[in-house]
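Q: Please take me on a close look at the aromatic rings in this model and at what surrounds them. I am new to reading structures, so a step-by-step tour would be great.

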Amino acid sequence: MSLTLIIGNKNYSSWSMRAALVLELTEEPYAEVRIPLYQQASRARLLSHSPTGKVPVLLTEEGPIWDSLAIAEYLAETYGECHLWPRGEYARAVARSVCAEMHSGFAALRSHLPMDLRRQPKPLALPLPATVQEDIGRICALWADCRQRFGADGAFLFGHAGIADAFYAPVAARLRGYAVALPEPAAAYVETLYQWPAFQRWYQAALQETETIE
């Protein structure tokens, strides 16, 4: 199967990272096209691949798929032997729930702590707003619950690396980049994601980028 993933800046584009990490889990070869965001020609270039003009978009032999969660579901169905969702009906339902929560929620965290992988870890000059603290508290509780109930077979949320981990990897990058104090289980999970080879490949590539977004 011929697959091409259209992404934005690796340093900034959290949704691109999610799709790429899921695709890495399949171990399927694919081409990557990186389109730097917020430049004069960015939207025109993106619209040539995606009907929304946004990233990520996965180009398949049948046509494009232009949403990160849809891309994850497509890959899970196409490469069922990779078990991108965890085994067990209830575990899969919970994994989908936590991904959907990430997909549509945590607006305060996203707004106040934008992803910047090149950022040297340091806290913001001002205290985090209460809404951001609430998001962080919910995320830490969610991680702890998944690890306790489903993570006995490994260090990831559902034991082995899967779609849920891909969806929360950019959150881990935000928490580390802004030096957010975390309870020990959450800090350990952030370290697990940073040691994940697929994450490290993306991270190291992000460090080599030169574009900046003001």
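A: Let's start with Tyr-194. This residue has a relative accessibility of 7%, and since anything under 20% is called buried, Tyr-194 counts as buried. Keep in mind that you are looking at a predicted model. Now find Arg-176: its charged end sits over the ring of Tyr-194, 4.1 Å from the ring centre. A second such arrangement involves Lys-10, whose charged end lies over the ring of Trp-202 at 5.0 Å from its centre.

Rings can also pair with each other. Counting ring centres within 6.5 Å as a pair, the model has nine aromatic pairs. Take Trp-143 and Tyr-189: their ring centres are 4.8 Å apart and their planes meet at 65 degrees, so this pair is edge-to-face. Trp-143 belongs to helix 6 (residues 130-150) and Tyr-189 to helix 8 (residues 184-195), so the pair ties together parts that are 46 residues apart in sequence. Both partners are tucked away: Trp-143 is buried at 1% relative accessible area, and Tyr-189 is buried at 2%. Our starting residue has a ring partner too, because Tyr-194 and Tyr-203 form an edge-to-face pair, with 5.7 Å between centres and 70 degrees between planes. Elsewhere, ring pairs join Tyr-90, Phe-150 and Phe-158 into a cluster.

Next, let's see what these rings are part of. In soluble globular proteins, nonpolar side chains tend to be buried together. Here, the largest nonpolar core has 66 residues, and the members that touch the most others are Leu-75, Leu-117, Trp-143, Phe-158 and Tyr-168. Helix 7 (residues 163-177) supplies the largest share of this core, with ten residues. Another core of six residues lies apart from it, and includes Ile-6, Ile-35, Leu-46 and Val-55.

Tyr-168 is a good residue to click on. Leaving aside residues up to four places away in sequence, Tyr-168 touches Val-98, Glu-101, Met-102, Phe-106, Leu-142, Trp-143, Leu-157, Tyr-189 and Leu-193. You will recognise Trp-143 and Tyr-189 in that list, the two partners of the edge-to-face pair.

Finally, zoom out. The chain has nine helices and four strands. Its radius of gyration is 17 Å, close to the 17 Å that the globule rule gives for 214 residues, so the chain is as compact as a globular protein of that length. Of those 214 residues, 49% count as buried.

Technical notes: Residues are numbered from 1 along each chain as its sequence is written. This is a predicted model: local features need pLDDT of at least 70, side-chain atom pairs count only at pLDDT 80 or more; totals for chains, interfaces and linings use all residues. Side-chain values use heavy atoms; hydrogens and water are left out. Rings of Phe, Tyr and Trp (its six-membered ring) pair if their centres lie within 6.5 Å; planes under 30 degrees apart count as stacked, over 60 as edge-to-face and the rest as tilted. Helices (H or I, at least four residues) and strands (E, at least two) are DSSP runs, numbered from the N terminus. Buried means under 20% relative accessible area, exposed over 50%, partly exposed in between (1.4 Å probe, protein chains only). A charge sits over a ring if NZ of Lys or CZ of Arg is within 6 Å of the ring centre and within 35 degrees of the ring normal. A nonpolar core is a set of buried Ala, Val, Leu, Ile, Met, Phe, Trp, Tyr and Cys residues joined through side-chain atoms within 4.5 Å. Contact means heavy atoms within 4.5 Å. The radius of gyration is taken over C-alpha atoms; the globule rule is 2.2 Å times the number of residues to the power 0.38.
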